[in-house]
Amino acid sequence: MENRGSEHGKLWLWLDERIGLKDIEKLAKKKEIPVHRHSIWYYFGGMTLFLFIIQVLSGILLLLYYRPSATEAYESIQFLMTEVQFGWLIRSIHAWSANLMIVAMFIHLFSALLLKAYRSPRELTWLSGGGLMGLSLAFGFTGYLLPWNELSFFATRVGTEIPGVLPVIGSFTRRFLRGGNDVTGATLTRFYGIHVAILPAIVTIVLGLHLFLVQKHGMSRPPSAEREGEPKRVMPFMPNFLLRDLVGWLCALGVLAALAAYYPAELGKKADPFQPAPIGIKPEWYFMAMFQTLKLIPSHILGIEGELLGVLGFGAVGAVLILMPFVDRRAAAGKPSRFPAVFGIALILYSILLTYLGYTMSPTK
Amino acid sequence: MIRAISRGFLWLGIAVILFLPVPAIGQQQVENCVACHQSLPDERLAGPAKLFSGDIHAVKGFGCVSCHGGDASDTEMSAMNPAKGYVGKPTGTKIVDVCGRCHSDARFMRQYNPSLRVDQVTEYYASVHGRRLKEQKDSKVATCANCHKAHSIKPPGDPRSSVHPLHVADTCGSCHANAEYMAPYKIPTDQLANYKKSVHWRMMANKGDLSAPTCNDCHGNHGAAPPGISWVGNVCGQCHAVNGELFSKSRHSQVFVQMGIPGCATCHDNHQILETSDELIGSREKAICTRCHTAEDRGGKSAAAMRAMIDSLRQEYDKAHSILLKAGHAGMEVSQPEFDLNEAKTALVKARAAIHAFSVVTLKKEIDPGLQVSAKAYAGGLKALEELGFRRKWLAVSAIIILALIVGLVLKIRQMESAQKSSEKEEV
Amino acid sequence: MAEGMLKQFIDRRNFLNWFLGSTAGAFVLSVLYPLSRYLTPPPVAESTARSVTLSLKPKEVKANSGQIFRFGSQPGILVNTPAGELKAFSAACTHLACIVQYRSDLSEIWCACHNGHFDLNGKNIAGPPPKPLEEYAVNVSGDQIVVSKKV
């Protein structure tokens with residue numbers, strides 16, 4: 001019989017009397033991770049969280065030197081990269097970690113989809129996850145404008161034009177996003193406020209809900225693992241899974257450092273709103289598939305504007321994805337269902353193909 | 001008593017009206033002439049009457065009678081009485097006399113605009129127009145009324161004036177660009193067209209620089225005449241002082257005088273002065289030097305050498321500029337080399353002016369410092385790009401630490417789990 | 001024998017713990033070092049795009065003299081007029097961007113490339129320059145001269 005009391009030092013005991021660390025420890029030691037063929041996908045939620053924390057920390061550091069006005073933004077980043085010690089490193093890490101976080105997020109999303117983790121009682125977890133996906137993309141879109149260089153200015157102009165095709169609410173939405181009729185310093189300040197205050201506040205709530213629900217329901221077993229006979233293998237979260245998580249996080253950190261060193265973030269040319277757009281303006285890669293889809297849609301289909309149909313199409317696909325727990329009736333009834341897998345794989349293949357086309361097709365076509 | 005006083009006031013009032021000061025009478029003058037003339041069917045008679053109210057002379061209080069003579073108070077045809085000084089429509093030297101009567105009188109002009117010159121008539125009779133009018137009685141030449149459109153004369157500063165800098169060329173061109181009108185004089189009529197292609201005209205019309213030269217700046221306004229061969233350089237050198245001075249000291253200046261060709265205009269044209277480029281010098285086809293020099297003679301060889309030097313400085317400057325741009329866009333601090341590179345730009349501009357000395361030695365003095373500065377700036381750009389690479393090596397250190405930590409963790413996991421397994425086995 | 005293996009096992013565990021501890025320490029240092037350098041304000045506190053502090057001291061600039069200084073990547077000229085007033089202008093001539101200089105014999109700013117003249121208000125008064133030189137605001141605070149772009 002082990003004497004638990006001697007495992008903890010005086011400080012731990014002092015804090016426990018005031019915070020109740022023992023209860024937290026009991027909960028943590030109880031948490032178990034199922035071990036099966038598809039266990040590897042469990043790591044990607046934590047990876048996304050880790051990269052998000054990196055974003056928050058590097059973002060806070062950037063806040064100390066960045067200035068959100070059209071006349072000073074570019075110069076403040078130039079100052080950051082040339083005069084501030086390791087400013088180039090913090091900026092490159094923030095830029096690359098954003099990309100890696102979105103990769104991890106998509107892997108996490110598609111693995112949860114294909115392993116049917118959205119089934120009851122985890123419908124709310126899936127919905128809050130969908131919300132987090134939208135919030136991450138919003139983070140990426142608003143943050144991209146902040147350096148106020150040529151690429152980001154024109155990408156934002158194209159990107160904020162697209163909601164304008166929606167009927168009734170289109171032009172108001174566009175004006176609301178831009179802070180005016182065109183992309184100006186007002187847009188920059190607005191995006192800055194959204195990026196550093198509004199989105200973090202919303203994410204805190206939604207992420208808190210998401211993590212609470214994950215703790216409450218534990219990790220979902222995919223249908224193939226459920227069909228396994230007894231005994232069902234598990235691994236304790238503390239310390240086994242956590243240490244493995246740490247190994248993954250350190251690998252991510254190493255990759256991040258290498259990317260920051262070999263492909264540092266460029267400063268580019270300062271945005272000049274009165275210049276015509278340079279040829280081949282592209283959005284960031286995570287918007288590329290949607291962007292290329294809109295470019296390839298014919299201008300009118302059955303009398304309706306092509307772009308409008310495209311945007312509505314994205315909305316429909318997004319709705320099916322987010323409402324999957326309710327769309328997949330068969331899985332809800334406990335029966336095997338092929339629809340989510342087919343849907344998910346089709347979506348993955350389509351996105352990869354369109355992203356590839358976006359980078360290879362000639363811009364003047 | 002009251003009736004006497006009021007009658008007194010009545011006569012006082014009549015006397016005041018009768019002896020009103022001159023401008024009032026001037027108003028009277030204009031009103032009388034204009035009243036008839038503006039309703040006449042013949043536009044030659046009605047036109048001036050309608051235009052005159054916008055004329056500077058009308059504004060200052062002068063009337064028709066001031067130039068044409070006659071009786072201002074008469075409202076009938078009898079107003080146009082030679083006995084009362086009426087001269088009708090003056091022509092030829094008469095026009096010069098009418099205008100000069102006031103405009104050459106310093107005391108008179110002082111009342112209206114003390115800064116106006118009063119020697120225009122003297123200048124005019126020194127000009128080609130004046131001399132032909134006086135000596136050959138040539139009635140086709142320009143007089144005061146032709147350039148300063150009579151009856152709608154405005155000061156040169158007024159943008160509507162026919163002698164405002166933007167309109168001078170068209171005013172001169174109204175005769176000089178008219179081939180039919182100028183036929184008897186056997187001089188070219190392409191000056192206006194050529195001038196409109198020039199950089200001087202474009203500076204004025206498109207860039208709004210009113211200090212750029214137009215016809216009167218090189219030819220004089222009232223004393224207009226083409227500059228003589230020997231003093232073209234002096235005229236251009238008024239503004240282009242450095243080039244003019246270098247040229248006058250060069251071997252070309254004496255040679256051109258001997259050949260009887262004008263200095264600057266020989267290479268740069270007189271009216272169609274285009275923007276210069278480095279292509280003007282050298283021994284290849286587009287260069288102006290080839291008009292006289294072949295590639296093998298001494299002049300041609302010098303020209304080729306000078307062109308090569310200018311080209312090399314320009315290329316070195318461009319090379320440094322583009323590497324600094326690349327480093328700057330990558331996010332490196334390159335403001336010091338960029339600042340230094342400004343000196344190379346200055347050297348290039350000075351070199352292009354120094355060409356007018358037509359000496360390889362003189363040119364080299366401007367080119368060499370420029371090449372040095374460009375090389376230094378280029379080295380600064382290279383260093384900045386290298387620093388970009390140096391950061392990678394620092395990251396290698398932290399990568400090794402991360403790798404070591406990963407290895408340690410993996411080993412720890414394996415060790416821990418084998419201990420857990422063996423303790424489980426023991427319990428069984 | 002079991003005791004020997006146990007001892008080896010314990011030794012290996014101790015070595016691993018030590019190894020893990022020291023690499024973790026090195027890792028923490030490799031994060032804290034750049035972090036602390038980043039948080040420390042750099043010697044040049046602000047971007048030089050809009051304002052710059054000169055290395056010249058006010059007393060070094062004599063009346064009726066001028067000196068070239070660096071404003072970011074562009075040349076500037078600091079002039080002390082004969083009346084004793086400090087003024088600063090862009091030193092890029094508005095004609096073809098040659099670097100201008102101060103002529104104490106003329107009390108004017110002059111460009112050697114094509115004989116352009118600017119008066120002490122920066123106005124172009126003779127020669128080819130089409131526009132005046134951009135004027136900067138000069139502020140003397142104690143022993144420092146700060147030149148900044150006029151808004």
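Student: How many residues does the contact take from chain B and from chain C?
Tutor: Happy to start there, with a note that this is a predicted model, in which local features need pLDDT of at least 70, side-chain atom pairs count only at pLDDT 80 or more, and totals for chains, interfaces and linings use all residues. Residues are numbered from 1 along each chain as its sequence is written, while chains are lettered from A and ligands numbered from 1 in the order in which they are written. Two residues are in contact if their C-beta atoms, placed from the backbone, lie within 7 Å. On that basis, the contact takes 26 residues from chain B and 24 residues from chain C.

Student: Which elements give two or more residues to the side of chain B that touches chain C?
Tutor: Helices here are DSSP runs of H or I with at least four residues, strands are runs of E with at least two, and both are numbered from the N terminus. The residues on this side of chain B divide into twelve nonpolar, seven polar and seven charged. For this count Ala, Val, Leu, Ile, Met, Phe, Trp, Tyr, Cys and Pro are nonpolar, Asp, Glu, Lys and Arg are charged, and the others, Gly among them, are polar. The elements are α17 (241-249), α21 (335-354) and α22 (360-427) of chain B.

Student: How many residues of chain A are in contact with chain C?
Tutor: Chain C brings eight residues to this contact. They divide into five nonpolar, two polar and one charged. On the side of chain A, the number is twelve.

Student: Why is α5(A) called oblique to α11(A)?
Tutor: Axes are lines fitted to C-alpha atoms, for helices over the stretch in contact, with angles from 0 to 180 degrees between N-to-C directions. The axes of α5 (residues 87-114) and α11 (residues 237-262) of chain A come within 9 Å and cross at roughly 125°. Angles under 35 degrees count as roughly parallel, over 145 as roughly antiparallel, 65 to 115 as roughly perpendicular and the rest as oblique. That crossing angle therefore makes α5(A) and α11(A) oblique.

Student: Which residues of α11(A) make the contact with α5(A)?
Tutor: From α5(A) come A:L89, A:S92, A:I93, A:W96, A:S97 and A:L100. Taking both helices, the contact has eight nonpolar, two polar and no charged residues. The α11(A) residues are A:A252, A:L256, A:L259 and A:A260.

Student: Where is A:P121, which a cis peptide bond joins to A:S120?
Tutor: Omega of that bond is about 0°. A second cis peptide bond runs from A:M238 to A:P239, with omega near -10°, and A:P239 lies in helix α11 of chain A. A:P121, in turn, sits in the loop between α5 and α6 (123-145) of chain A.

Student: What is the strand order of the open sheet of six strands in chain C?
Tutor: Two strands pair if DSSP finds at least two bridges between them. β1(C) pairs with β10 (residues 144-149) over three bridges, and β9(C) pairs with β10(C) over six. The edge strands are β1 (51-53) and β2 (65-71) of chain C. With antiparallel pairing, the order is β1-β10-β9-β4-β3-β2.

Student: Which residue in β10(C) is the bridge partner of C:N139?
Tutor: β9(C) and β10(C) form a hairpin with two residues between them, and C:G142 in the turn has a positive phi of about 65°. In β10(C), C:T53 has C:V146 as its bridge partner. For C:N139 the partner is also C:V146.
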